[in-house]
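I opened the model to look up a few residues. My notes follow.

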Amino acid sequence: MDEAGGIRRTSGQEGASTATRRMRELDKAEALRLLATVSLGRIVFTRHALPAVRPVNHLVEAEDVIVRIHDDGALASLVVPADGPGVVVAYEADAIDPVTHLGWSVVVTGYACPVADAEDAARFATLLRPWVGRSMARALRIRPDLVTGFRLEAQTLPDPVTQR
């Protein structure tokens, strides 16, 4: 931030935000394919009757999003009995270039349920490594009811010379 409290651009960012771009909606298959290409996202859930957001790493298996949780962390409140429908959450991940502002964003909305199968839980434990040195014995499976996303793409403008 600069002295006036504004955001300072880093070298190479001047003018990048004024480039012409368009937003294209993604279909479910493309959105899930893109989501599987990154490992970091944000889970949105309710904590003490208020919205809460936590960054977590994930993997995509078929159409489900899998995240691991700390036993005593805020996300532990999402673990409900396996026979229930789960807890409604949203999961968002993106890859947007900070200079060109091109990229994509995906949001998965659905029910988060604990992974009950011991073999699956063990497999996810090897695939999703914790970032901090705390116990992460549990995993959540988010089954999407709604998958939305968009891609910010450079818009090609007609060449004014050839348009005459």
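I fixed one term before starting: a polar contact is a pair of N or O atoms within 3.5 Å; within protein, one must be able to donate a hydrogen and the other to accept it, and residues adjacent in sequence count only if both atoms are side-chain atoms. This is a predicted model, where local features need pLDDT of at least 70, side-chain atom pairs count only at pLDDT 80 or more, and totals for chains, interfaces and linings use all residues. Residues are numbered from 1 along each chain as its sequence is written, and side-chain values use heavy atoms, with hydrogens and water left out.

Entry one, Glu30. I looked up its partner: the side chains of Glu30 and Arg24 are joined by a polar contact of 3.2 Å. I then listed contacts (heavy atoms within 4.5 Å). Leaving out residues up to four places away in sequence, Glu30 touches Arg24 and Arg151. I placed Glu30 in helix α1, residues 28–35. Helices here are DSSP runs of H or I, at least four residues, and strands are runs of E, at least two, numbered from the N terminus.

Is Glu30 buried or exposed? I found 18% relative accessibility, so Glu30 counts as buried. Buried means under 20% relative accessible area, exposed over 50%, partly exposed in between (1.4 Å probe, protein chains only).

Entry two, Ala49. I read a phi near 65°, positive in a residue other than glycine. Ala49 sits in the loop between β2 (40–47) and β3 (50–61). Ala49 is exposed, at 70% relative accessible area.

Entry three, His101. I read a phi near 65° here, positive in a non-glycine residue. His101 lies in the loop between β5 (87–96) and β6 (103–114). His101 has 26% relative accessibility, so I logged His101 as partly exposed.
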